[in-house]
Amino acid sequence: MTLTDFARRVTDSGTCTVTGSGAAGPDAGAAPGAAGQAPVPAPSPVAGTDAAVSRAVGREADGLAVASFVLGLVGLLVFNVLLGPTAIVMALLALARRTRRRGRALLGLALGVADLVVLAVLVTGNGAVAWDFGG
């Protein structure tokens with residue numbers, strides 16, 4: 001029994017269902033479309049990868065949103081000169097990739113901007129990029 005003995009039918013889900021009789025008939029060597037059979041396109045070798053790619057991009061965008069929030073929050077206390085701009089860039093990337101965690105991305109963006117505001121206040125007030133509670 002060879003593959004040409006069966007007619008292929010491709011469903012919408014990308015799976016291939018093989019139909020036909022188990023025995024080879026007189027049209028065993030006939031091309032698809034012969035003897036009243038309609039030609040059926042072969043399934044794509046990468047069927048279903050578009051959905052997998054969109055899920056991966058969605059997870060990546062969600063991760064960017066969470067990372068932006070965490071870096072912006074930590075940046076309020078330490079390394080605001082580095083973490084603030086990083087949080088802003090990650091938040092903008094997450095929003096551009098249409099994250100499902102839009103609120104976290106917006107909070108990360110706001111915290112990144114707040115990091116830069118804290119940096120500006122520290123530089124103008126103390127003349128140094130450090131917290132000084134001693135007076």
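# Legends to close-up views of a predicted model

Of the 135 residues that make up the protein, 18% count as buried, and the model shown here is a predicted one.

**View 1. The whole chain, with its helices and strands.** The protein contains three helices and two strands, and, read from the N terminus onwards, these elements follow one another in the order β-β-α-α-α. The accessible surface of the protein amounts to about 9000 Å², and 66% of that surface belongs to carbon and sulfur atoms. Among the contacts in the protein that have a separation of 6 or more, 57% are made by residues 24 or more positions apart.

**View 2. The largest nonpolar core.** Five residues make up the largest nonpolar core, namely L64, A65, M90, A94 and A105. Helices α1 and α2 each supply at least two residues of this core. What does M90 touch, once its neighbours within four places in sequence are left aside? With those neighbours set aside, M90 is in contact with L64, which is also listed in the core, and with A67, S68 and L71.

**View 3. L71 and its surroundings.** L71 is a residue of helix α1, and it counts as partly exposed, with a relative accessibility of 23%. When neighbours within four places in sequence are not considered, the residues in contact with L71 are L83, T86, A87, M90 and D115. The C-alpha atoms of L71 and P85, two residues that are 14 residues apart in sequence, lie 9.5 Å apart in space.

**View 4. D115, a buried acidic residue without a salt bridge.** D115 is found in helix α3, which covers residues 102–126. Which side chain of opposite charge is nearest to D115, and how far away is it? That side chain is R104, at a distance of 16 Å, and D115, although buried, has no salt bridge. The side chain of D115 does, however, reach the backbone nitrogen of L76, at 3.1 Å. If residues up to four places away in sequence are not counted, D115 touches L71, G72, G75, L76, N80, L83 and G84.

**View 5. L77 and F79 in the loop between α1 and α2.** L77 has its place in the loop that runs between α1 (49–75) and α2 (80–96), and at 63% relative accessibility L77 counts as exposed. The C-alpha atom of L77 is separated by 8.5 Å from that of D115, although the two residues are 38 residues apart along the chain. F79 also has its place in the loop between α1 and α2, and F79 is exposed, with a relative accessible area of 59%. The phi angle of F79 is near 50 degrees, which is a positive value in a residue other than glycine.

**View 6. The salt bridge between E60 and R97.** Side chains of opposite charge can pair when their charged atoms come close. The count of salt bridges in this model comes to two, and in one of them the side chains of E60 and R97 meet at 2.2 Å, N to O. Because E60 lies in helix α1 and R97 in the loop between α2 and α3, the pair ties together parts that are 37 residues apart in sequence. Are the two partners buried or exposed? E60 is partly exposed, with a relative accessible area of 43%, and R97 likewise counts as partly exposed, at 35% relative accessibility.

**View 7. The salt bridge between R100 and D62.** In this view the side chains of R100 and D62 meet in a salt bridge, with an N to O distance of 2.8 Å. R100 lies in the loop between α2 and α3 and D62 in helix α1, so this pair ties together parts that are 38 residues apart in sequence. R100 counts as exposed, at 68% relative accessibility, whereas D62 is buried, with a relative accessible area of 8%.

**View 8. R98 in the loop between α2 and α3.** R98 has its place in the loop between α2 and α3, and R98 is exposed, with a relative accessible area of 75%. The phi angle of R98 is near 55 degrees, a positive value in a residue other than glycine.

Methods. Residues are numbered from 1 along each chain as its sequence is written. This is a predicted model: local features need pLDDT of at least 70, side-chain atom pairs count only at pLDDT 80 or more; totals for chains, interfaces and linings use all residues. Side-chain values use heavy atoms; hydrogens and water are left out. Helices (H or I, at least four residues) and strands (E, at least two) are DSSP runs, numbered from the N terminus. Buried means under 20% relative accessible area, exposed over 50%, partly exposed in between (1.4 Å probe, protein chains only). Lys and Arg count as positive and Asp and Glu as negative; His and the chain ends are not counted. A salt bridge is a side-chain nitrogen of Lys or Arg within 4 Å of a carboxyl oxygen of Asp or Glu. A polar contact is a pair of N or O atoms within 3.5 Å; within protein, one must be able to donate a hydrogen and the other to accept it, and residues adjacent in sequence count only if both atoms are side-chain atoms. Contact means heavy atoms within 4.5 Å. A nonpolar core is a set of buried Ala, Val, Leu, Ile, Met, Phe, Trp, Tyr and Cys residues joined through side-chain atoms within 4.5 Å. Accessible areas come from the Shrake-Rupley method with a 1.4 Å probe; for residues, only the protein chains shown count as cover.
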